[in-house]
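Biologist: I am new to this structure and would love a close look at a single part of it. Could you take one helix and walk me through the way it packs against its neighbours?

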Amino acid sequence: MNAGGITGRIIQFANDLFGHIRGGLGLANVGASMGFAGISGTALADTASIGSILIPAMKKEGYGAGFSAAVTASSSTVGPIIPPSLPMIIVGTLASLSIGDLFLAGALPGILLGLGLMIPTYIISVKRNYPKGDRQPLKAIWKSFTGAFWALLMTFIILYGILGGFFTPTEASIIAVLYAFVIGIFVYKELPVKKIPEIMLSSMTATASIMLLVGFANLFGWIMVREQIPQLVAESILGISTNTIIVILLINLLLLFVGTFMETIAALVILFPVLLPVALTVGMDPIQFGVMMVLNLVIGLVTPPVGVCLFVASQIGKVSIGKTARELVPFIGVSLVVLMLVAFVPQVTLFLPSLFE
């Protein structure tokens, strides 16, 4: 879908919707990330795809390089929360949880996170008098929507197919690839057949690196279980307090710390089986805990010292990591607010899954 013209169409649709507002390109950046999240499922793909187009465009229009990179990096964290989501599939596999329920559970937090990130984007844009574009007529908005429609339809196909029991998540990935192939070649007509081997090689390389990571993480996880590390961690946390609020706060602090230096999938594979029993002990639903853990770890993707989305956005924007990190502070604040809602208000995650029981 990246090679077939999807990114540009989603950005165009988002820009037509928000471009007339002060800081419209920044708002379009967040909106495009929300749309792209329904296709990619990973934050890094969002940062690279959206950022490569919008960061240079924002700089050209007069936005600060650090601000442009910060908006891109922070909004990319919506990718693993809004379904479909690669980390949610990992969580479901690790704990034998319904991946469909996890997808639904991430939808509302993902939307809240995206809308929340628009608030500092707008406030900072107004304060710094960043530019705004012309209001687009409804005809132009409708045209850009129809252009992005076939891409956005993929999200519906994946979710409806999994939740309706028509196919498994693995089968959904195959259907999504075939759908992307048809749309890229016959509808958008931007996917050259000769480029397919290159796309396959790139996908194989990315998949191999993830599988190696998961393999070593599983080995490490086996060692931890053998040495009874999960029991020691649970006893340590519950030894500090058995109060539900304090235990959940301690888990969040641990995950936020881990997320700053450990890759998301590796952290999930190692820590989810360790911390899930602790969460269950204080009465958390496993679906709620899964979303909370994923959200914790993706926040780490934009925080130093090992925030990969922070690095990629800064590199695209040709700005120092330190400057981008300073600009990220209000966006991380919004993410933490959404995190607290997920952690302490169960219905934020459990309302949508309950409708499909």
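Modeller: Here is a walk along one helix and its partners, with a little background before and after.

This is a predicted model, in which local features need pLDDT of at least 70 and side-chain atom pairs count only at pLDDT 80 or more, while totals for chains, interfaces and linings use all residues. Residues are numbered from 1 along each chain as its sequence is written, and side-chain values use heavy atoms, with hydrogens and water left out.

Let's start with the whole chain. Its secondary structure comes to 16 helices and 0 strands; helices (H or I, at least four residues) and strands (E, at least two) are DSSP runs, numbered from the N terminus. The radius of gyration, 20 Å, is close to the 21 Å that the globule rule gives for 357 residues, so the chain is as compact as a globular protein of that length. That radius is taken over C-alpha atoms, and the rule is 2.2 Å times the number of residues to the power 0.38. Along its principal axes the C-alpha trace spans about 60 × 45 × 40 Å. Of the 357 residues, 50% count as buried, where buried means under 20% relative accessible area, exposed over 50%, and partly exposed in between (1.4 Å probe, protein chains only).

Now for the helix itself. Two packed helices are described by the angle between their axes and the distance between the axes. Axes are lines fitted to C-alpha atoms, for helices over the stretch in contact, and angles run from 0 to 180 degrees between N-to-C directions.

Our helix is H6, residues 99–127, and one partner is H7, residues 138–163: their axes come within 9 Å and cross at roughly 135°. H6 and H7 are therefore oblique to each other; angles under 35 degrees count as roughly parallel, over 145 as roughly antiparallel, 65 to 115 as roughly perpendicular and the rest as oblique. H6 passes H7 in a left-handed crossing, meaning that the near helix is turned anticlockwise from the far one by less than a right angle, whereas clockwise would be right-handed. On the H6 side, Gly100, Phe103 and Leu104 make the contact, and they meet Leu159, Ile162 and Leu163 of H7. Contact here means heavy atoms within 4.5 Å. These residues divide into 5 nonpolar, 1 polar and no charged. Ala, Val, Leu, Ile, Met, Phe, Trp, Tyr, Cys and Pro count as nonpolar, Asp, Glu, Lys and Arg as charged, and the others, Gly among them, as polar.

Another partner is H15, residues 321–344, whose axis comes within 9 Å of that of H6, with a crossing of roughly 150°. H6 and H15 are therefore roughly antiparallel to each other, and H6 passes H15 in a right-handed crossing. From H6, Pro109, Leu112, Leu113, Gly116, Leu117, Pro120, Thr121 and Ile124 take part, facing Pro330, Phe331, Val334, Ser335, Val338 and Val342 of H15. This contact divides into 11 nonpolar, 3 polar and no charged residues.

Finally, look at the loop between H6 and H7, where you will find Asn129. Its phi is near 60°, a positive value in a residue other than glycine. Asn129 is exposed, with a relative accessible area of 54%.
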